[in-house]
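Visitor: I have a model open and would like to learn how to read its features one by one. Could you take me through it?

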Amino acid sequence: MNTFENQVAIITGAASGLGLVIAHKLLNEGARIGLLDLNEQALNDEFVGNPEREELIGVDVTDEQRVAQAVARVVERFGKIDILINCAGITGATNIKSHEVDTANLQKVFNINFMASFYTAKAVLPYMLQNNYGRILHVASIAGKEGNAGMLAYSASKAAVIGMAKVQGKEYAETGITVNALAPAVIQTPLVDAMPEAQVKYMTDKIPMKRCGTLEEAANMAAFIVSPENSFTTGFTFDLSGGRATY
(Lines give C-alpha, C1' and ligand atoms only; values in the text may rest on other atoms or scores of the structure.)
Protein backbone atom coordinates (compact mmCIF):
# COMPACT_ATOMS: atom_id res chain seq x y z
CA MET A 1 0.00 0.00 0.00
CA ASN A 2 1.20 3.49 -0.85
CA THR A 3 -1.69 5.51 0.56
CA PHE A 4 0.64 8.32 1.62
CA GLU A 5 3.04 8.36 -1.33
CA ASN A 6 4.34 11.91 -1.96
CA GLN A 7 2.69 13.16 1.25
CA VAL A 8 4.53 14.93 4.07
CA ALA A 9 3.44 14.48 7.69
CA ILE A 10 4.43 15.87 11.08
CA ILE A 11 3.86 13.67 14.11
CA THR A 12 4.41 14.80 17.69
CA GLY A 13 5.18 12.33 20.45
CA ALA A 14 6.71 10.16 17.72
CA ALA A 15 9.27 8.35 19.87
CA SER A 16 6.84 6.16 21.81
CA GLY A 17 3.32 4.85 22.13
CA LEU A 18 0.69 5.84 19.61
CA GLY A 19 2.90 8.39 17.84
CA LEU A 20 5.57 5.76 17.20
CA VAL A 21 3.16 3.19 15.79
CA ILE A 22 1.38 5.73 13.57
CA ALA A 23 4.72 7.02 12.29
CA HIS A 24 5.86 3.56 11.23
CA LYS A 25 2.52 2.90 9.55
CA LEU A 26 2.70 6.10 7.51
CA LEU A 27 6.35 5.47 6.63
CA ASN A 28 5.44 1.99 5.43
CA GLU A 29 2.77 3.54 3.22
CA GLY A 30 5.10 6.01 1.55
CA ALA A 31 5.03 9.19 3.65
CA ARG A 32 7.92 11.50 4.43
CA ILE A 33 7.70 12.56 8.05
CA GLY A 34 8.93 15.16 10.46
CA LEU A 35 9.20 13.21 13.71
CA LEU A 36 8.97 15.42 16.79
CA ASP A 37 9.60 14.37 20.37
CA LEU A 38 11.22 15.78 23.49
CA ASN A 39 13.34 12.61 23.69
CA GLU A 40 15.70 13.00 20.73
CA GLN A 41 17.73 9.93 21.70
CA ALA A 42 14.60 7.75 21.59
CA LEU A 43 13.82 9.10 18.12
CA ASN A 44 17.29 8.08 16.95
CA ASP A 45 16.85 4.65 18.53
CA GLU A 46 13.41 4.01 17.02
CA PHE A 47 13.87 5.34 13.49
CA VAL A 48 16.59 3.73 11.41
CA GLY A 49 16.67 2.68 7.79
CA ASN A 50 14.68 5.47 6.11
CA PRO A 51 16.86 8.59 6.48
CA GLU A 52 15.73 9.96 3.13
CA ARG A 53 12.13 10.09 4.39
CA GLU A 54 12.66 11.02 8.04
CA GLU A 55 13.49 14.31 9.73
CA LEU A 56 14.15 13.68 13.41
CA ILE A 57 13.63 16.74 15.61
CA GLY A 58 14.07 16.82 19.37
CA VAL A 59 11.80 19.62 20.52
CA ASP A 60 9.76 20.75 23.50
CA VAL A 61 6.32 21.13 21.91
CA THR A 62 5.22 23.52 24.67
CA ASP A 63 7.65 26.12 23.28
CA GLU A 64 5.74 27.97 20.53
CA GLN A 65 8.84 29.45 18.89
CA ARG A 66 10.66 26.12 18.74
CA VAL A 67 7.56 24.42 17.34
CA ALA A 68 7.39 27.01 14.55
CA GLN A 69 11.10 26.46 13.83
CA ALA A 70 10.60 22.69 13.71
CA VAL A 71 7.71 23.00 11.26
CA ALA A 72 9.76 25.34 9.06
CA ARG A 73 12.61 22.82 9.12
CA VAL A 74 10.31 20.07 7.85
CA VAL A 75 9.02 22.32 5.07
CA GLU A 76 12.58 23.26 4.11
CA ARG A 77 13.50 19.58 3.92
CA PHE A 78 10.39 18.16 2.20
CA GLY A 79 8.72 21.19 0.60
CA LYS A 80 5.24 21.11 2.16
CA ILE A 81 3.02 19.81 4.97
CA ASP A 82 0.04 17.60 4.16
CA ILE A 83 -0.63 15.99 7.55
CA LEU A 84 -0.30 16.89 11.23
CA ILE A 85 -0.95 14.32 13.94
CA ASN A 86 -0.69 15.51 17.54
CA CYS A 87 0.11 12.51 19.74
CA ALA A 88 2.26 14.11 22.44
CA GLY A 89 0.44 13.98 25.76
CA ILE A 90 0.64 13.23 29.47
CA THR A 91 -1.92 12.23 32.09
CA GLY A 92 -0.43 14.22 34.94
CA ALA A 93 -1.22 13.14 38.49
CA THR A 94 -4.23 10.80 38.61
CA ASN A 95 -6.45 8.99 41.08
CA ILE A 96 -6.97 12.23 43.05
CA LYS A 97 -10.03 14.40 43.63
CA SER A 98 -10.29 17.93 42.28
CA HIS A 99 -9.57 19.70 45.58
CA GLU A 100 -6.29 17.77 45.79
CA VAL A 101 -5.13 18.75 42.29
CA ASP A 102 -1.85 20.65 42.20
CA THR A 103 -2.27 23.78 40.10
CA ALA A 104 1.23 23.56 38.61
CA ASN A 105 0.59 19.97 37.53
CA LEU A 106 -2.71 20.93 35.93
CA GLN A 107 -1.03 23.73 34.00
CA LYS A 108 1.70 21.36 32.80
CA VAL A 109 -0.91 18.90 31.51
CA PHE A 110 -2.72 21.69 29.66
CA ASN A 111 0.53 22.97 28.19
CA ILE A 112 1.41 19.59 26.70
CA ASN A 113 -2.04 18.26 25.82
CA PHE A 114 -3.74 21.43 24.59
CA MET A 115 -1.33 24.32 24.05
CA ALA A 116 1.21 22.21 22.16
CA SER A 117 -1.54 20.98 19.80
CA PHE A 118 -2.58 24.59 19.26
CA TYR A 119 1.02 25.63 18.53
CA THR A 120 1.59 22.89 15.96
CA ALA A 121 -1.73 23.54 14.21
CA LYS A 122 -1.05 27.28 14.17
CA ALA A 123 2.34 26.63 12.57
CA VAL A 124 1.22 24.16 9.87
CA LEU A 125 -2.05 25.77 8.77
CA PRO A 126 -0.47 28.55 6.68
CA TYR A 127 1.46 25.93 4.68
CA MET A 128 -1.67 23.83 4.21
CA LEU A 129 -3.64 26.89 3.09
CA GLN A 130 -1.02 27.57 0.40
CA ASN A 131 -1.80 24.16 -1.13
CA ASN A 132 -5.55 24.04 -0.39
CA TYR A 133 -5.05 20.66 1.25
CA GLY A 134 -4.40 19.33 4.72
CA ARG A 135 -5.31 16.74 7.32
CA ILE A 136 -4.97 17.57 11.02
CA LEU A 137 -5.66 14.99 13.72
CA HIS A 138 -5.64 15.95 17.39
CA VAL A 139 -5.47 12.87 19.63
CA ALA A 140 -7.93 13.48 22.44
CA SER A 141 -9.52 10.88 24.74
CA ILE A 142 -12.88 9.45 25.72
CA ALA A 143 -12.09 11.18 29.04
CA GLY A 144 -12.50 14.47 27.19
CA LYS A 145 -16.08 13.52 26.33
CA GLU A 146 -17.18 11.83 29.52
CA GLY A 147 -14.74 12.86 32.24
CA ASN A 148 -12.78 10.34 34.28
CA ALA A 149 -13.08 10.79 38.04
CA GLY A 150 -9.62 11.30 39.50
CA MET A 151 -8.32 12.79 36.24
CA LEU A 152 -9.43 16.42 36.20
CA ALA A 153 -6.39 17.85 34.40
CA TYR A 154 -6.31 15.14 31.75
CA SER A 155 -10.07 15.06 31.14
CA ALA A 156 -10.39 18.84 30.94
CA SER A 157 -7.36 19.25 28.66
CA LYS A 158 -8.68 16.61 26.26
CA ALA A 159 -12.12 18.26 26.31
CA ALA A 160 -10.32 21.42 25.20
CA VAL A 161 -8.65 19.49 22.39
CA ILE A 162 -12.07 18.26 21.20
CA GLY A 163 -13.38 21.82 21.33
CA MET A 164 -10.43 22.99 19.24
CA ALA A 165 -11.05 20.33 16.59
CA LYS A 166 -14.70 21.42 16.33
CA VAL A 167 -13.73 25.07 15.90
CA GLN A 168 -10.90 24.46 13.44
CA GLY A 169 -12.98 22.03 11.42
CA LYS A 170 -15.55 24.77 10.83
CA GLU A 171 -12.98 27.50 10.20
CA TYR A 172 -11.18 25.65 7.40
CA ALA A 173 -14.08 23.62 5.98
CA GLU A 174 -13.93 25.29 2.57
CA THR A 175 -10.17 25.11 2.12
CA GLY A 176 -9.52 21.42 1.49
CA ILE A 177 -8.24 21.07 5.06
CA THR A 178 -9.97 18.75 7.51
CA VAL A 179 -9.44 18.90 11.27
CA ASN A 180 -10.65 16.03 13.42
CA ALA A 181 -10.00 14.46 16.81
CA LEU A 182 -9.64 10.87 17.99
CA ALA A 183 -11.08 9.80 21.34
CA PRO A 184 -9.59 6.49 22.47
CA ALA A 185 -10.61 4.71 25.63
CA VAL A 186 -7.73 2.93 27.38
CA ILE A 187 -5.02 1.99 24.87
CA GLN A 188 -2.18 -0.21 26.05
CA THR A 189 0.70 2.28 26.00
CA PRO A 190 3.66 3.15 28.26
CA LEU A 191 1.59 6.14 29.44
CA VAL A 192 -1.16 3.79 30.68
CA ASP A 193 1.32 1.29 32.09
CA ALA A 194 2.68 4.05 34.34
CA MET A 195 -0.74 4.88 35.82
CA PRO A 196 -1.99 3.51 39.16
CA GLU A 197 -3.61 0.10 38.75
CA ALA A 198 -6.81 1.32 40.44
CA GLN A 199 -7.13 4.13 37.89
CA VAL A 200 -6.64 1.77 34.94
CA LYS A 201 -9.18 -0.69 36.35
CA TYR A 202 -11.72 2.13 36.81
CA MET A 203 -11.27 3.07 33.15
CA THR A 204 -11.23 -0.44 31.71
CA ASP A 205 -14.32 -1.53 33.66
CA LYS A 206 -16.29 1.12 31.78
CA ILE A 207 -15.48 -0.46 28.38
CA PRO A 208 -18.20 -2.89 27.20
CA MET A 209 -15.55 -4.95 25.35
CA LYS A 210 -13.77 -5.31 28.72
CA ARG A 211 -10.32 -4.83 27.26
CA CYS A 212 -7.87 -2.13 26.31
CA GLY A 213 -7.56 -1.07 22.72
CA THR A 214 -4.34 -1.88 20.89
CA LEU A 215 -1.88 0.54 19.39
CA GLU A 216 -2.44 -1.09 16.00
CA GLU A 217 -6.19 -0.45 16.20
CA ALA A 218 -5.55 3.18 17.05
CA ALA A 219 -2.95 3.58 14.28
CA ASN A 220 -5.28 2.08 11.67
CA MET A 221 -8.05 4.53 12.54
CA ALA A 222 -5.65 7.48 12.69
CA ALA A 223 -4.27 6.60 9.26
CA PHE A 224 -7.77 6.60 7.77
CA ILE A 225 -8.64 9.94 9.38
CA VAL A 226 -5.62 11.66 7.79
CA SER A 227 -5.91 9.88 4.45
CA PRO A 228 -7.10 11.52 1.21
CA GLU A 229 -10.12 9.19 1.31
CA ASN A 230 -11.47 10.91 4.44
CA SER A 231 -12.53 14.06 2.65
CA PHE A 232 -16.06 14.89 3.91
CA THR A 233 -15.61 14.62 7.68
CA THR A 234 -14.26 17.57 9.63
CA GLY A 235 -14.71 19.01 13.11
CA PHE A 236 -15.59 15.50 14.28
CA THR A 237 -14.34 13.33 17.12
CA PHE A 238 -13.91 9.69 16.16
CA ASP A 239 -14.47 7.22 18.99
CA LEU A 240 -12.14 4.30 19.62
CA SER A 241 -13.79 3.16 22.80
CA GLY A 242 -14.80 -0.49 22.67
CA GLY A 243 -18.40 0.64 23.02
CA ARG A 244 -17.89 3.03 25.94
CA ALA A 245 -19.01 6.28 24.30
CA THR A 246 -22.51 7.37 25.33
CA TYR A 247 -22.82 10.26 22.86
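Visitor: Across which strands does helix H1 lie?

Guide: A word first: this is a predicted model. Helix H1 (residues 17-28) lies across S1, S2, S3, S4 and S5, and runs at about 165° to S1.

Visitor: What is the order of the strands in the sheet?

Guide: The sheet is open and has seven strands, in the order S3-S2-S1-S4-S5-S6-S7, with parallel pairing. Strand S3 (54-58) and strand S7 (237-240) stand at the edges with a single partner strand each, so one side of each has no neighbour in the sheet. On average, neighbouring strands are turned by 15° against each other, direction ignored.

Visitor: How many bridges join S1 to S2?

Guide: S1 and strand S2 (residues 32-37) pair in the parallel sense over five bridges. To find the register there, look at Ile10, whose bridge partner in S2 is Gly34. Strand S1 (residues 8-12) also pairs with S4, again in the parallel sense, over four bridges. For that pairing, Ala9 has Ile83 as its bridge partner in S4.

Visitor: Which residues of strand S4 are buried on its two sides?

Guide: The general idea is that side chains in a regular strand alternate between the two faces of the sheet. In strand S4 (residues 83-86), Ile83 and Ile85 are buried on one side, and Leu84 and Asn86 are buried on the other, so both faces are covered.

Visitor: Through which helix does the chain cross from S4 to S5?

Guide: Start with the strands: S4 and strand S5 (residues 134-139) pair in the parallel sense over four bridges, and Ile85 has Leu137 as its bridge partner in S5. The chain passes from S4 through helix H4 (residues 103-131) to S5, and this β-α-β crossover is right-handed. Helix H4 lies across S1, S4, S5 and strand S6 (177-184), at about 170° to S5.

Visitor: Is Met115 of that helix buried, exposed or partly exposed, and why?

Guide: Met115, which is found in helix H4, is partly exposed because its relative accessible area is 24%, and buried would require under 20%. Met115 and Glu64 are 51 residues apart in sequence, with their C-alpha atoms 8.7 Å apart in space.

Visitor: What is the nearest side chain of opposite charge to Lys158?

Guide: That side chain is Asp37, 13 Å away; Lys158 is buried yet has no salt bridge. Lys158 lies in helix H6 (residues 152-171). Leaving aside residues up to four places away in sequence, Lys158 touches Asn113, Val139, Ala140, Ser141 and Gly144.

How values were computed. Residues numbered from 1 in each chain as written. Predicted model: local features only at pLDDT ≥ 70, side-chain atom pairs only at ≥ 80, totals over all residues. Heavy atoms only, no water. Buried < 20%, exposed > 50% of the residue type's maximum accessible area, 1.4 Å probe, protein only. Lys, Arg positive; Asp, Glu negative; His and termini not counted. Salt bridge = Lys/Arg side-chain N within 4 Å of Asp/Glu carboxyl O. Contact = heavy atoms within 4.5 Å. Pairing = 2+ DSSP bridges. Right-handed = clockwise from strand over helix to strand, strands pointing away. Axes fitted to C-alpha atoms, helices over the stretch in contact; angles between N-to-C directions.
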